Amino acid sequence: MKVVLFCGGYGMRMRSGAADDVPKPMAMVGPRPLIWHVMRYYAHFGHTEFILCLGYGAHHIKNFFLNYEETTSNDFVLRGGRTELLSTDIADWTITFAQTGTESPIGERLRRVRHHLDGDEMFLANYADVLTDAPLPEMIDRFARRDAGASMMVVPPQSSFHCVDLGEDGLVGGITPVSELPLWENGGYFVLRQEVFDHIPENGDLVADGCAQLAKRGRLVAHQHRGFWKPTDTVKERAALDAAYARGDRPWAVWERDIAGARA
């Protein structure tokens, strides 16, 4: 299946300075940017056709792939001054780079790459800045069996704040961590059918317009995931993922499990 990645936003909370024009998906986690980790996740499950919805800082993403160094994340042999790769990351990937505007909302970005989907009944979509170990084949299979227009992965609230139950007299009746409330939030991993385009107006949003309208019609399903899921909305969150990568704690790298198993 084709994978549409939204990677054209400003990512203001990730900016480290006024001169920093690097888009959020290009923030580094280990030796590779976020967008690579997301793409490597999909490729692990056999989905290697990517459509990148570019916008702000597009040249950073283009240059990364145009000057891709396989030796950064693959073993190799240097023989007679020539490099012989023992494995590759992107040799079998097909990547479409599509400029979708610097100010376009997510839904409009999706509308602008519709022609690249070749009328495929189903396709995948992602914000390109969230890492997870979610079982993608299960997510796709469950949706394929349903009569619905879209599937959204949902996760428990990630906030560390507490909700306070107040009585009319101002007395606190209870304190509950947000993560323990019976709530779910958008996890950023979508399986979509062409039907979603019927509900996204010009300059519309994928979730607020497309998914919301499908939900009203009983055409939106959720895939609940309680496993690993980490967003990178802030510098702090990105730094935490980078630190986890450095100490070998990277559950989102599902491709490394198979490699480790093969070596064992």
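## Leu166 and the nonpolar patch

In this predicted model, L166 counts as exposed because its relative accessibility is 56%, and exposed residues are those with over 50%. L166 lies in strand β11.

L166 also belongs to a nonpolar patch on the surface, to which V164, V172 and I175 contribute as well. The area of this patch is about 390 Å². Two strands, β11 (162-166) and β12 (172-177), each provide at least two of the patch residues.

## Thr102 in its loop

T102 is located in the loop that runs between β7 (94-99) and α3 (106-112). T102 has a relative accessibility of 39%, so the residue counts as partly exposed.

Which residues does T102 touch, leaving aside those up to four places away in sequence? The contacts are G8, Y10, G55, Y56 and R109. Of the residues just named, Y56 is 46 residues from T102 along the chain, yet the C-alpha atoms of Y56 and T102 are 5.0 Å apart.

## The buried face of helix α4

Helix α4 spans residues 136-144, and its buried residues are L136, M139, I140 and F143. Viewed down the helix axis, these buried residues of α4 fall within an arc of 95 degrees, and therefore they line one face of the helix.

What covers the buried residues of α4? The cover includes the helix α1 (34-44) and the strands β8 (122-126), β10 (150-155), β13 (185-193) and β14 (220-224).

Technical notes:
Residues numbered from 1 in each chain as written. Predicted model: local features only at pLDDT ≥ 70, side-chain atom pairs only at ≥ 80, totals over all residues. Heavy atoms only, no water. Patch = residues over 30% accessible without salt bridge, like charges linked within 9 Å, V, L, I, M, F, W, Y side chains within 5 Å. Areas by Shrake-Rupley, 256 points an atom, 1.4 Å probe, with all protein chains shown as cover. Salt bridge = Lys/Arg side-chain N within 4 Å of Asp/Glu carboxyl O. Helix = DSSP H or I, 4+ residues; strand = E, 2+ residues; numbered from the N terminus. Buried < 20%, exposed > 50% of the residue type's maximum accessible area, 1.4 Å probe, protein only. Contact = heavy atoms within 4.5 Å. Arc of directions from axis to C-beta.
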